[in-house]
Amino acid sequence: MPAVDKLLLEEALQDSPQTRSLLSVFEEDAGTLTDYTNQLLQAMQRVYGAQNEMCLATQQLSKQLLAYEKQNFALGKGDEEVISTLHYFSKVVDELNVLHTELAKQLADTMVLPIIQFREKDLTEVSTLKDLFGLASNEHDLSMAKYSKLPKKKENEKVKTEVVKEVAAARRKQHLSSLQYYCALNALQYRKRVAMMEPMIGFAHGQINFFKRGAEMFNQSMDSFLSSVADMVQRSG
């Protein structure tokens, strides 16, 4: 079927079968988007959790490297070179830990948070308005059914007047709720484009910044240090 840009607000009052059919398409789309957003959030939270675990893991690794010199090795004579090397590695891991911590915070703020806000604000609003629209429609249907069952006798004019007022009130309530619901569904079609892209922009920027700063850290002096450590390992081998 051809793509539909939006629900026409002027058709909200008509509440025709055609309008209801079009509405069902938007509702199906919103339901699919809700399911997908929940799955996407789970994936993003897993990425954030893994990054947060890297922060904790590198912190523990740094402490463990420093703990080498405190071990009471029975054959620890001549370990000074190993101890100094592990101290340097601990310092490097600490610097990496800072980068991992910053990346974890950036992922939380620019990847996970936006998708949570989209789910809690936009998708929840659509769900709430759908419920209100359903209630208003049911009230309208009940009032119309009540009106259709009115006896035709003239002495029931007072009752008829009250029911007519009830129908009019229910119709106004349904119209208002449908306008709000249609607006929210239309807005969701535009918001979902931003909502899907924004977290991934945050993810990409966070990773790029992490790797750039990591590259700056592992400069030529680090290469020289690693070469000297490799030579030490070969001599010991």
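Valine 126 makes a suitable starting point in this predicted model. Leaving out residues up to four places away in sequence, valine 126 touches Ala30, Tyr181, Ala184, Leu185 and Leu188. Val126 also belongs to a wider group of side chains, the largest nonpolar core, which has 29 residues. Among the residues with the most contacts inside this core are Leu23, Phe118, Val126, Tyr181 and Met196. Three helices, α1 (17–66), α2 (80–148) and α3 (157–217), each supply at least two residues of the core. The contribution of α2, eleven residues, is the most that any gives. A general tendency may be recalled here: in soluble globular proteins, nonpolar side chains tend to be buried together.

The arrangement of these three helices can be followed pair by pair. The axes of α1 and α2 come within 8 Å and cross at roughly 160°. Angles over 145 degrees count as roughly antiparallel, and therefore α1 is roughly antiparallel to α2. Their crossing is left-handed. The residues of the contact of α1 with α2 comprise 28 that are nonpolar, 15 that are polar and five that are charged.

For α2 and α3, the axes lie 7 Å apart and the packing angle is about 170°. These two helices are therefore also roughly antiparallel to each other. The crossing of α2 and α3 is left-handed. Where α2 meets α3, the residues of the contact divide into 31 nonpolar, 16 polar and 15 charged.

The remaining pair is α1 and α3. Their axes come within 11 Å and cross at roughly 30°. Because angles under 35 degrees count as roughly parallel, α1 is described as roughly parallel to α3. The crossing of α1 and α3 is left-handed. In the contact of α1 with α3 there are 16 nonpolar, five polar and four charged residues.

Individual residues add detail to this picture. Histidine 100 lies in helix α2. Its relative accessible area is 9%, and a residue counts as buried when this value is under 20%; histidine 100 is therefore buried. With residues up to four places away in sequence not counted, histidine 100 touches Gln51, Met54, Cys55, Thr58 and Phe210. Of these, Gln51, Met54, Cys55 and Thr58 fall within the range of α1, while Phe210 falls within that of α3.

Glutamate 120 is likewise found in helix α2. With a relative accessible area of 44%, glutamate 120 is partly exposed, because the value falls between the limits of 20% for buried and 50% for exposed. Glutamate 120 and glutamate 28 are 92 residues apart along the chain, and their C-alpha atoms are separated by 19 Å.

The last residue to consider is phenylalanine 218, which lies in the loop between α3 and α4 (220–236). Phenylalanine 218 has a relative accessibility of 33% and so counts as partly exposed. Apart from its neighbours within four places in sequence, phenylalanine 218 is in contact with Val92 and Leu96. The C-alpha atoms of phenylalanine 218 and cysteine 183 are separated by 53 Å, and the two residues stand 35 places apart along the chain.

Key: Residues numbered from 1 in each chain as written. Predicted model: local features only at pLDDT ≥ 70, side-chain atom pairs only at ≥ 80, totals over all residues. Heavy atoms only, no water. Core = buried A, V, L, I, M, F, W, Y, C linked by side-chain atoms within 4.5 Å. Buried < 20%, exposed > 50% of the residue type's maximum accessible area, 1.4 Å probe, protein only. Helix = DSSP H or I, 4+ residues; strand = E, 2+ residues; numbered from the N terminus. Contact = heavy atoms within 4.5 Å. Axes fitted to C-alpha atoms, helices over the stretch in contact; angles between N-to-C directions. Parallel < 35°, antiparallel > 145°, perpendicular 65-115°, else oblique. Left-handed = near helix turned anticlockwise from the far one by under 90°. Nonpolar A, V, L, I, M, F, W, Y, C, P; charged D, E, K, R; others polar.
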